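Today I am opening my notebook on salt bridges. I want to see who pairs with whom, and how hidden the partners are.

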Amino acid sequence: HAKKEGRNNAQFFMQALNDAACERLLLERQLRKALANEEFVLYYQPQVDADSGRIVGLEALIRWQSPELGFVPPVSFIPFAEESGQIMLIDEWVVHAVCRQIAAWRAQGITPPRVAVNLSGCHFLKKSLVEMVAECLQNFGLEGRHLEVELTEGVIMRDVEQATATLADLKRMGVTVSIDDFGTGYSSLSYLRRFPIDTLKIDRSFITGVTKDADGAAITTAIISMATSMRLDIVAEGVETAEQMTFLLDHGCAVMQGYLFCRPAPPEEVTRLLVDGLPMP
Ligand code: C2E
Ligand code: MG
Ligand code: MG
Ligand code: MG
């Protein structure tokens, strides 16, 4: 039901994006209002150690519940927010909301695993990012190890010098860094040696292929063996079938994220999962 609604609104939204400049202004205004009125919510998707069934991480994923547009998925507004410059405020809201949630869990006596946030490029290249993250952590009495930052290859390669400095600062704070959608970027692999990266997230497009086509399997296997020999952690994204899970376990990748284990869920549901554990597929 929610999915169908999302698609209809997404269509409406794409139309809006294609319309005249006044539509873009309208959208910009709606996004600004969304921030002011707390129309955004965060869902969380568990990252699971498929060997033990334990939740070893969570990824925060933004949702926009607009009174006018209904449910708007992030792919329909994040790119626009990046263009209009509003992404900085949205990313800041996300980091703040994640820290607030971690603190709330801890206050309830629950020890949540590390929570990953997706950060957009424009923000990452600003020096103020490190200060913003540090401030949010401090506000809620958290340590860097509670937080992970997800970046794409393109973001890091856009300004190598600034990226190096920012990654080093995050590292010093104890914040871990993972490369999202790994394998889909255009960058050379040599940057992996130069940047202090903790985790590679194998893109869903390869995982989808592992039991279907030889290329998907070959690329996935290559990424796993490279990451392992470089002592990087690996997370497989978008694991949907038991066959994919078995392939990954057989090839040395135990940490997985995907609908097979759990869809992104609202905080109340995640609280229950953190307390009771995840039912294994
Ligand atoms: P991503 O960071 O690569 O997130 C993974 C996406 O895959 C999520 O979509 C998630 O719901 C979806 N997914 C997870 N498991 C499965 C699966 O088994 N099958 C399939 N088909 N999909 C799966 P979502 O939440 O719609 O987010 C899409 C993208 O929007 C994210 O990709 C990320 O790039 C961006 N995004 C989401 N939240 C934020 C945010 O708070 N800030 C920023 N800057 N970007 C965000
Ligand atoms: Mg991500
Ligand atoms: Mg991803
Ligand atoms: Mg993605």
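Entry 1. I began with Glu59, which is buried, with a relative accessible area of 4%. I should keep in mind that this model is predicted. I then looked for the partner of Glu59 and found Lys201, with 2.9 Å between the closest N and O atoms of this salt bridge. Glu59 belongs to strand 2 (residues 54-66) and Lys201 to strand 7 (residues 199-202), so the pair ties together parts that are 142 residues apart in sequence. Is Lys201 buried or exposed? Lys201 counts as buried, at 1% relative accessibility.

Entry 2. Next I looked up Glu148 and Arg114, a salt bridge whose closest N and O atoms are 3.2 Å apart. Glu148 sits in strand 5 (residues 147-152), while Arg114 is in the loop between helix 4 (87-107) and strand 4 (115-118), so this pair ties together parts that are 34 residues apart in sequence. I checked both ends: Glu148 is buried at a relative accessible area of 1%, whereas Arg114 is partly exposed at 26%.

Entry 3. Which residues do shared salt-bridge partners join into one network? I found Lys33, Glu39 and Glu68 there. Within this network, Lys33 and Glu39 form a salt bridge with their closest N and O atoms 2.9 Å apart. Lys33 is partly exposed, with a relative accessible area of 29%, but Glu39 is buried, with 7%.

Entry 4. How many salt bridges does the structure hold? I noted nine, and the pairs in my entries are among them.

How values were computed:
Residues numbered from 1 in each chain as written. Chains lettered and ligands numbered in written order. Predicted model: local features only at pLDDT ≥ 70, side-chain atom pairs only at ≥ 80, totals over all residues. Heavy atoms only, no water. Salt bridge = Lys/Arg side-chain N within 4 Å of Asp/Glu carboxyl O. Buried < 20%, exposed > 50% of the residue type's maximum accessible area, 1.4 Å probe, protein only. Helix = DSSP H or I, 4+ residues; strand = E, 2+ residues; numbered from the N terminus.
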